[in-house]
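Visitor: I should like to understand how the descriptive terms for this protein are justified. Please take me through them one at a time.

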Amino acid sequence: MTAALLFEQFLNGLQFGLMLFLMSAGLTLVFGVMGLINLAHGSLFMIGAFFCAAAAGLTGNFWLGLAAGMAAAAAAGALIEMTVLRRLYSRDHLDQVLATYALILILSEGTKILFGPFPLYLDVPPLLTGTVNLGLTEYPLYRLALIGFGLLVAVGLWFLIARTRLGVRIRAGENDREMIAALGVNIRALYTVVFALGAGLAGMAGALVGAVQSVQVGMGEPVLILAFVVIVIGGIGSIRGAMVGALMVGIIDTMGRFLLPRIFATFMEVNQASGVGAALASMLIYLLMALVLVIKPKGLFPIHG
Amino acid sequence: MADIKREYALNALLALGLLLVPIWALYNGAPFTITLFTRIAILALAGIGLNIALGLGGMVSFGHAVYFGLGGYVAGILAQHAFNGAPILGLPGTNQMLIIWPVAMVLSGLLAAVIGAFSLRTSGIFFIMITLAFAQMVYYFAVSWPAYGGEDGLPIYVRNQFPGLNTMRPFELFIVCWGVLMLALGVFALIRASRFGAALMAIRQNPDRVASLGINPFGVKLAAFVISGMITGLAGALMADLSRFASPAAMAWTMSGELIVIIILGGTGRLFGPVAGAAFLVGFEVFFGGLTEHWKLWLGLVLLAAVLFNRGGIVALIAGRERLG
């Protein structure tokens, strides 16, 4: 095991973490502002990837595809917010779970009807193909770009929340929904905008990740569950928590899968070590979550006290 | 009162219908129908487990598939060791259901105790996500652990045995499952009518008041959660025997969702809610699955409509929304 390999895995973890952040940011905002648990967030990720792959295939341009993916996810988000989710804000979490589970079924089958049952493939844009020399190691340029892109979006999101009028309203909405409605803010429109924003971020993540994996129905749910782990660790409703949680989950998961089998191999048979190591590595982030819950039951950065 | 009579009538209809249709199928040579009804009985049993936690205790566990899957693995692993003669943890394997069931229930209960001890520190949305995450953890462990099939699952070549019956015959396996289901319904009714059940339902409505009466809500909830996991684990062992396959898919989050769907569609906290829900779900899949490959789209729409417009499920539709507890 060399420093170069370790560095490469660290970068992979960083990239994974930043993509998770794009997913978690929307999920945590929607919960923070509307108090809604949205299982269909993974479907929006999938919609972003599918529309990106289809549009990129049609036009031959990845960037048009990315824009199409984000727009489609945001539009789908706004649509389901206005037709379905709006009726659920005052319901208990069980109804929300069930309704958004139903939405997963509808959106997954809908995607199958629209795009066919086979996976789509999305090529890395020509501008970002190849590798780049980082001194220690050669690293794929596209993955490096994902890291940069993720950081850029994170900064943009911070600016939006901390420095703009919309951001003030979102933060106010997290603190006291009734009060900002009483102050004359159109709360229904705000909810739709927040939901579309989160959906657009999920769609962006789906489109970006779509170029390094196959685009298929069901791709959203594993990411959704990881995003749940992220926001439980970070504290539900907190963007900062989502960032910290996403980076922790991304890096620990990636490094664990890389290191644990090798560590076990130092005192076990190689075959057995890879089995035990892989099995344990897949549990690592959940153990991290359990640990965080024992120490801070409301996550690392709880928004309400 | 009329509503209660209607609920009793519906319950009797469900219990008897579940028995009579397979008997009819037995004499008319329709083994597929028997297998279908066995599936309904087993899913209903798993639902009864969840109904204790969710329906009576208000604990929205989105990870109950983990017990369902674990029960299946117990059946599969013990059968495999009985088959190849290798001991497991120093003990021999077995293909006797009467030994497999208690093992599945004890292990499911232990797992539920561990998961519950962490998850019940939280409530609301946290609880939903954490139960889901723990279930996924065990799921990924099962998928990546190669000793018992990993991703491929574990086949059960010959169904485990029940004394005096030939479980390889569909109807005899069905009778076993139906009997267990009736027993579990009895247990559910007993729990609901007991002091423990009263405490559990009171905690769902107002934990602080219950605590002020000197009852520890955490202990009651944890006990209910463990019982709940045990029953769902037993259902898992039966399902593995029915499909002759212990599958990691039985642990997947979609299964947890399906269990919630079963009890919500049927009627949360209602005695026969899970039976009605399981019958509806399996019936829907068979009927619409035969019409279109996109039946899940229609299931989604029906579910959505049920959540938005009809609260209380099938039992409430027929017998009114007022329920015991």
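Guide: Let us begin with a pair of helices in this predicted model. The crossing of α9(A) and α11(A) is left-handed.

Visitor: Which residues make the contact between α9(A) and α11(A)?

Guide: On the α9(A) side they are Ile225(A), Leu226(A), Val229(A), Val232(A) and Ile233(A). From α11(A) come Ile285(A), Tyr286(A), Leu288(A), Met289(A), Val292(A) and Leu293(A). By class, this contact has eleven nonpolar residues, no polar and no charged ones.

Visitor: Why are α9(A) and α11(A) called roughly parallel?

Guide: The axes of α9 (residues 220–234) and α11 (residues 270–295) of chain A cross at roughly 25° and come within 9 Å. Angles under 35 degrees count as roughly parallel, and α9(A) and α11(A) are therefore given that description.

Visitor: How many salt bridges does a search of the whole structure find?

Guide: The search finds seven over all chains. One of them joins Glu109(A) and Lys112(A).

Visitor: What makes the pair Glu109(A) and Lys112(A) a salt bridge?

Guide: The criterion is a side-chain nitrogen of Lys or Arg within 4 Å of a carboxyl oxygen of Asp or Glu. For Glu109(A) and Lys112(A) the N to O distance is 3.5 Å, so the criterion is met. Both residues belong to helix α4 (residues 93–115) of chain A, where they are three residues apart, about one helical turn.

Visitor: Is Glu109(A) buried or exposed, and what is the relative accessible area of Lys112(A)?

Guide: Buried means under 20% relative accessible area; Glu109(A), at 5%, therefore counts as buried. Lys112(A) has 29% and is partly exposed.

Visitor: How do you know that Arg257(A) forms a salt bridge with Asp253(A)?

Guide: Their closest N and O atoms are 3.2 Å apart, which is within the 4 Å limit. The two residues lie four residues apart in helix α10 (residues 239–265) of chain A, about one turn of the helix. Asp253(A) is buried at 8% relative accessibility, whereas Arg257(A) is partly exposed at 44%.

Visitor: Which parts of chain B does the salt bridge of Arg270(B) with Glu7(B) tie together?

Guide: In this salt bridge the closest N and O atoms are 2.8 Å apart. Arg270(B) lies in the loop between α10 (253–266) and α11 (273–291) of chain B, and Glu7(B) in helix α1 (residues 2–27) of chain B, so the pair ties together parts 263 residues apart in sequence.

Visitor: Why is Arg270(B) called buried?

Guide: Its relative accessible area is 2%, which is under the 20% cut-off. Glu7(B) is buried as well, with 13%.

How values were computed. Residues numbered from 1 in each chain as written. Chains lettered and ligands numbered in written order. Predicted model: local features only at pLDDT ≥ 70, side-chain atom pairs only at ≥ 80, totals over all residues. Heavy atoms only, no water. Axes fitted to C-alpha atoms, helices over the stretch in contact; angles between N-to-C directions. Parallel < 35°, antiparallel > 145°, perpendicular 65-115°, else oblique. Left-handed = near helix turned anticlockwise from the far one by under 90°. Contact = heavy atoms within 4.5 Å. Nonpolar A, V, L, I, M, F, W, Y, C, P; charged D, E, K, R; others polar. Buried < 20%, exposed > 50% of the residue type's maximum accessible area, 1.4 Å probe, protein only.
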